[in-house]
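Opening the notebook on a new model today. I want to go through confidence, symmetry, annotated positions and a bit of helix packing.

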Number of protein chains: 2
Amino acid sequence: MPWLYEHYHDLSAIGLHVTDKVHEEQSPFQRIEVYDTRGHGRLLMLDGMVMLTELDEFVYHELISHIPLCIHRDPRRVLVVGGGDGGTVREVLRHPGVERVVLCEIDERVTRVCQQWIPAVAGRLDDPRVELVFADAVEYVRNHPGSFDAILVDSSEPIGPAAGLFGGAFFADLRRALRPGGIVSAQTESPFYAADTVRGVFKELRGVFAGVHAYYGCIPTYPSGCWTFALAGDDLRLTDLDATRLAAVAGRYVGPSLGLGAFALPEFVRRLVEGD
Amino acid sequence: MPWLYEHYHDLSAIGLHVTDKVHEEQSPFQRIEVYDTRGHGRLLMLDGMVMLTELDEFVYHELISHIPLCIHRDPRRVLVVGGGDGGTVREVLRHPGVERVVLCEIDERVTRVCQQWIPAVAGRLDDPRVELVFADAVEYVRNHPGSFDAILVDSSEPIGPAAGLFGGAFFADLRRALRPGGIVSAQTESPFYAADTVRGVFKELRGVFAGVHAYYGCIPTYPSGCWTFALAGDDLRLTDLDATRLAAVAGRYVGPSLGLGAFALPEFVRRLVEGD
């Protein structure tokens, strides 16, 4: 097996050198593939899109979890929306104050495949603090008002199963699902290739939450390699970032050296998220 | 013409959708190709490697120029090593205090091709403040001690014509070519795919300069999309960053919002450049 390419909207492509197909199935929601690669470890693809490789998954999973959890004063109950691969849950569990993590993933097969074939990412899903809910997160969030200190929206692209996770109605439900002082983080796509999505998501978020901030990171196997994230809440101050907890959970991307630097945006990203 | 791929060391690939081949030639040093693309504007390739696209060249050119020039107290004489496409010179010229920019490029054909076919990047090379020198920068730097306030090492990969621009002997010559208070910036490759190069270059730099710092940015069409840069000097304080000048030259990447955030490194990058 030689090169496997993900073509992004007829504009660009990312190629990975795959050495073996480990697993393939069609779930009720999407096509799930797992490969071995040269230099990138295991690779998970959903509907032909790279979801993660073992080489760089740490970037995404650390950014979407440690930033909100170190800014929230005392996160105990956490909801992960999507994130069926388990990588975000793995990072959340590194915070000793967290008592409960609910993973609400629409496609149970993604989770089961990752538990079997990508244990370095999914291997913490059997922790007693974790509750697995295989359901539509839109409904789950709507039915759980006032329940979570932090909600991490670890969705796939805003097409297919995740389309409902990028709109104002869902964001309003997220806000209601928070406990006082609660905080939301979400992946919000590439500022180079999905500028309209980035602009639209931040506009919707600002219509719902009193405080909205953007941050970013480098993810080589996602289109453009540059990825944005949103942080939202009604009582949100970046200066609340707890340096002690940040140092304690420091991984390979997020840590004292990065600190709030992930919020120091390139100018064109700042303009996108501020709607200039 | 459909997809054109740059394969990086049998590990990964970047694909761009090219619509037309604009120019191709074999210079004495390398194969030069210019394409039109879908969504990325003009594309320059040297020996099959993406050097720039009009979509994202601003990232590299702003980072390698505005950061050192806004930290130096009064940069008047600037040397660009390599950088035959003219993009770095274009950004340097936006600093009104700069009196002279020498571009020392080994391959005149790169510059002439870019002047003809990529004027958005090379179009400022006829500015009266610019001096074009088509020569080996290793010799040029050695022969110009005490001459420059800032030297920007805008090289290609450390193979082929640019191999000599990544070693301690060259860095020592760079130091001698600086005027008092002088400063050097250099592109130093991808921390994901060229970790050994990054580690090695920073070790060499620390052996030569009293002050060495790393910064980084997102460049979609370079391998991994994540790129490091070095800043070096004997009398170098990041806090000297001049916010007024930074705001005045703010472009699409470097500006007040980014500020010194580009120096807030992901943990794995910090470990690489510090040799942990």
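**Annotated loop**

I started with A:Glu157, which sits in the loop between S9 and H6 of chain A. Buried or exposed, I wondered, is A:Glu157? The relative accessible area came out at 12%, so A:Glu157 is buried, the cut-off being under 20%. I then looked up A:Ser155 and found that residue in the loop that runs between strand S9 (148-154) and helix H6 (168-177) of chain A. A:Ser155 has a relative accessible area of 10%, so I noted it down as buried too.

Why pick these two? UniProt, in an unreviewed entry, lists both A:Ser155 and A:Glu157 under the feature "binding site". The same record also puts A:His61, A:Asp85, A:Asp154 and A:Ser156 there. I'm keeping that as the record's annotation.

**Confidence check**

I should have done this before anything else: the model is predicted. Chain A has a mean pLDDT of 95, with 98% of its residues at 70 or more. For the complex, the predictor reports an ipTM of 0.96 and a pTM of 0.96.

**Symmetry**

Next I superposed the copies. A turn of 180 degrees, with a shift of 0.0 Å along the axis, lays chain A on chain B at an RMSD of 0.0 Å. The two copies are therefore related as by a two-fold rotation axis. Both copies use the same surface for their contact, since 100% of the contact residues of chain A recur in chain B.

**Helix H9, chain A**

How many of the eight residues of H9 (residues 267-274) in chain A are buried? I got six, which leaves this helix mostly covered. The buried ones are A:Glu267, A:Phe268, A:Val269, A:Arg270, A:Leu272 and A:Val273.

What do they pack against? Within chain A, I found helix H7 (195-206), strand S11 (211-218) and strand S12 (226-233). Helix H1 (57-71) of chain B joins in as well, so the packing of H9(A) takes in both chains. Right after H9(A) comes A:Gly275, with a positive phi near 70 degrees.

**H7 against H9, chain B**

I looked at this pair in chain B. The axes of H7 (residues 195-206) and H9 (residues 267-274) come within 7 Å and cross at roughly 50 degrees. That crossing makes H7(B) oblique to H9(B). On the H7(B) side, the contact is made by B:Ala195, B:Val198, B:Arg199, B:Phe202 and B:Arg206. H9(B) contributes B:Leu272, B:Val273 and B:Glu274.

How values were computed
Residues are numbered from 1 along each chain as its sequence is written. Chains are lettered from A and ligands numbered from 1 in the order in which they are written. This is a predicted model: local features need pLDDT of at least 70, side-chain atom pairs count only at pLDDT 80 or more; totals for chains, interfaces and linings use all residues. Side-chain values use heavy atoms; hydrogens and water are left out. Copies are superposed by least squares on the C-alpha atoms of residues with pLDDT of at least 70 in both. Contact means heavy atoms within 4.5 Å. UniProt positions are given in the numbering used here, feature names are shortened, and annotations may be inferred rather than shown by experiment. Helices (H or I, at least four residues) and strands (E, at least two) are DSSP runs, numbered from the N terminus. Buried means under 20% relative accessible area, exposed over 50%, partly exposed in between (1.4 Å probe, protein chains only). pLDDT is the predictor's confidence in each residue, from 0 to 100. Axes are lines fitted to C-alpha atoms, for helices over the stretch in contact, and angles run from 0 to 180 degrees between N-to-C directions. Angles under 35 degrees count as roughly parallel, over 145 as roughly antiparallel, 65 to 115 as roughly perpendicular and the rest as oblique.
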